[in-house]
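Reader: Hey, I'm new to this one. Could you walk me through it?
Author: Sure, here it is.

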Amino acid sequence: MSQKKILVLGPGSWGTALSQVLNDNGHDVRIWGNNPQQISEINTKHTNTLYFKDVVLDSKIVGYDDLALALTDVEAILFVVPTSVTRLVAKQVAQLLDHKVVVMHASKGLEQGTHERISTILEEEIPQELRSEIVVVSGPSHAEETIVRDLTLITAASKQLEDAKYVQALFSNDYFRLYTNDDVIGVETAAALKNVIAVGAGALHGLGFGDNAKAAIITRGLAEITRLGVAMGANPMTYIGLSGVGDLIVTGTSIHSRNWRAGDALGRGEKIADIEANMGMVIEGVSTTKVAYELAQMLKIDMPIVNAIYSVIYEGAEIKNSIIQLMRREGRPENEYIIEIKGKN
């Protein structure tokens with residue numbers, strides 16, 4: 001693919017790593033953030049030490065703190081900002097943008113209050129005449145590994161497959177490979193909800209449980225994610241792919257995952273307010289737990305693991321008691337969620 005001018009919104013760990021991937025592919029990459037000191041560091045030292053202590057970025061990656069200037073002549077925009085500010089940033093982009101662009105996002109969450117997926121927020125805030133169909137970039141990936149060019153395989157999903165293929169070509173190279181998918185609902189719900197299960201998996205580790213418990217929460221967590229996603233209109237097959245089980249495995253088993261680390265701290269007895277204050281990064285799984293709990297209630301979907309995590313985070317329930325309650329639930333067939341899905345199709 002010929003060189004494209006691409007703006008990455010959000011100089012966090014994942015935004016920085018994806019900027020490097022795009023730069024490695026020969027694109028003209030700009031990265032925007034609202035912290036002038038951080039942007040100055042990117043431009044003068046070619047580092048982003050808030051997230052990567054020992055990584056030097058290519059000098060061709062240019063940081064901006066002026067959004068209007070950053071948007072000038074770009075052909076594609078990648079949102080990698082926290083879910084809580086996605087709507088605000090999208091409004092700002094819509095006010096300043098004066099030409100049509102490809103719009104992508106690589107964030108993983110659901111908006112509190114509205115319960116909306118990120119692509120829906122972007123569709124609402126950026127007029128259709130200014131954008132492509134939204135393309136979701138998601139899958140099993142740690143920024144800490146992508147930034148050192150470790151092998152990574154993820155998904156580009158869009159309601160319009162041609163837009164997904166465009167993004168696939170933008171990113172794909174020798175160490176970073178994308179597959180396409182048209183199930184935006186499935187990819188986004190998998191991306192958001194796996195963060196909730198990762199908090200639970202971390203909590204089990206913090207309590208001292210082993211691999212048996214880890215396998216259990218990942219497997220049964222996937223069942224819950226699938227049930228809710230299908231009720232929202234997703235294709236159940238998406239959840240056995242990269243953006244489903246793949247992302248759940250990598251997020252629910254690794255110290256690189258801030259959601260897993262938050263859960264681990266919870267399991268060791270730390271308070272959620274202290275964990276959030278000390279993390280230094282947004283823990284999407286905490287806010288998404290509330291949204292997932294509310295959606296499950298609205299759609300009448302059985303999500304006992306999500307309910308337990310919600311009770312610990314938002315109601316102050318004792319973790320060990322919550323685990324005992326889960327273990328003592330009435331016996332049920334393992335494939336019940338598959339039967340439920342088939343009944344709806």
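Author: One term before we start: two strands pair if DSSP finds at least two bridges between them. Also keep in mind that this is a predicted model.

Reader: Okay, so which residue in β2 is the bridge partner of I6?
Author: The partner of I6 is V29 in β2. Strand β1 (residues 5–9) and strand β2 (residues 28–32) are joined by 5 bridges and pair in the parallel sense.

Reader: What's the strand order in the sheet?
Author: The order is β3-β2-β1-β4-β5-β6-β7-β8, an open sheet of 8 strands with mixed pairing. β3 (62–64) and β8 each have a single partner strand, so they stand at the edges with one side lacking a neighbour in the sheet. From one strand to the next, the twist averages 25 degrees.

Reader: And what does helix α4 lie across?
Author: Helix α4 (residues 83–96) lies across β1, β2 and β4 (76–79). Its direction is at about 165 degrees to β4.

Reader: Let's hop to β7. Why is it described as largely enclosed?
Author: Because 5 of the 6 residues of strand β7 (residues 152–157) are buried, the rest of the structure largely encloses it. "Buried" here is under 20% relative accessible area.

Reader: How does β7 pair with β6 and with β8, parallel or antiparallel?
Author: One of each. Strand β6 (residues 135–138) runs antiparallel to β7, with 3 bridges joining them. With strand β8 (residues 176–181), β7 pairs in the parallel sense over 6 bridges.

Reader: Where does T155 come in?
Author: T155 of β7 is the bridge partner of S138, and T155 also stands opposite Y179 in β8. To get from β7 to β8, the chain passes through helix α7 (residues 161–171), making a right-handed β-α-β crossover.

Reader: New topic: how many residues are in the largest nonpolar core?
Author: It has 41 residues, and those with the most contacts inside it are I197, I217, L266, I275 and I313. Among the elements giving two or more residues to this core are α8 (184–206), α9 (211–231), α11 (258–267) and α14 (304–315). The largest share, 8 residues, comes from α8. As background, nonpolar side chains tend to be buried together in soluble globular proteins.

Reader: Which residues is I313 in contact with?
Author: Not counting neighbours within four places in sequence, I313 is in contact with V199, L266, I272, V286 and T289. There's also a second, separate core of 34 residues, which includes L18, F52, V135 and V167.

Reader: L266 sits in α11, right? What covers the buried residues of that helix?
Author: Yes, L266 is one of the buried residues in α11. The cover includes α8, α10 (242–253), α12, α13, α14 and α15. In total, 8 of the 10 residues of α11 are buried.

Reader: What about A216, buried or exposed?
Author: Somewhere in between: A216 is partly exposed, with a relative accessible area of 39%. This residue lies in helix α9. The C-alpha atoms of A216 and A265 are separated by 20 Å, and the two residues are 49 residues apart along the chain.

Reader: Last one: at what angle do α9 and α14 pack?
Author: At about 100 degrees, with their axes 8 Å apart. That makes α9 roughly perpendicular to α14. On the α9 side, I217, R220, G221, E224 and R227 make the contact, and on the α14 side P304, I305 and V306 do.

Definitions and conventions: Residues are numbered from 1 along each chain as its sequence is written. This is a predicted model: local features need pLDDT of at least 70, side-chain atom pairs count only at pLDDT 80 or more; totals for chains, interfaces and linings use all residues. Side-chain values use heavy atoms; hydrogens and water are left out. Buried means under 20% relative accessible area, exposed over 50%, partly exposed in between (1.4 Å probe, protein chains only). Helices (H or I, at least four residues) and strands (E, at least two) are DSSP runs, numbered from the N terminus. A crossover is right-handed if, with the strands pointing away from the viewer, the path from the first strand over the helix to the second runs clockwise. A nonpolar core is a set of buried Ala, Val, Leu, Ile, Met, Phe, Trp, Tyr and Cys residues joined through side-chain atoms within 4.5 Å. Contact means heavy atoms within 4.5 Å. Axes are lines fitted to C-alpha atoms, for helices over the stretch in contact, and angles run from 0 to 180 degrees between N-to-C directions. Angles under 35 degrees count as roughly parallel, over 145 as roughly antiparallel, 65 to 115 as roughly perpendicular and the rest as oblique.
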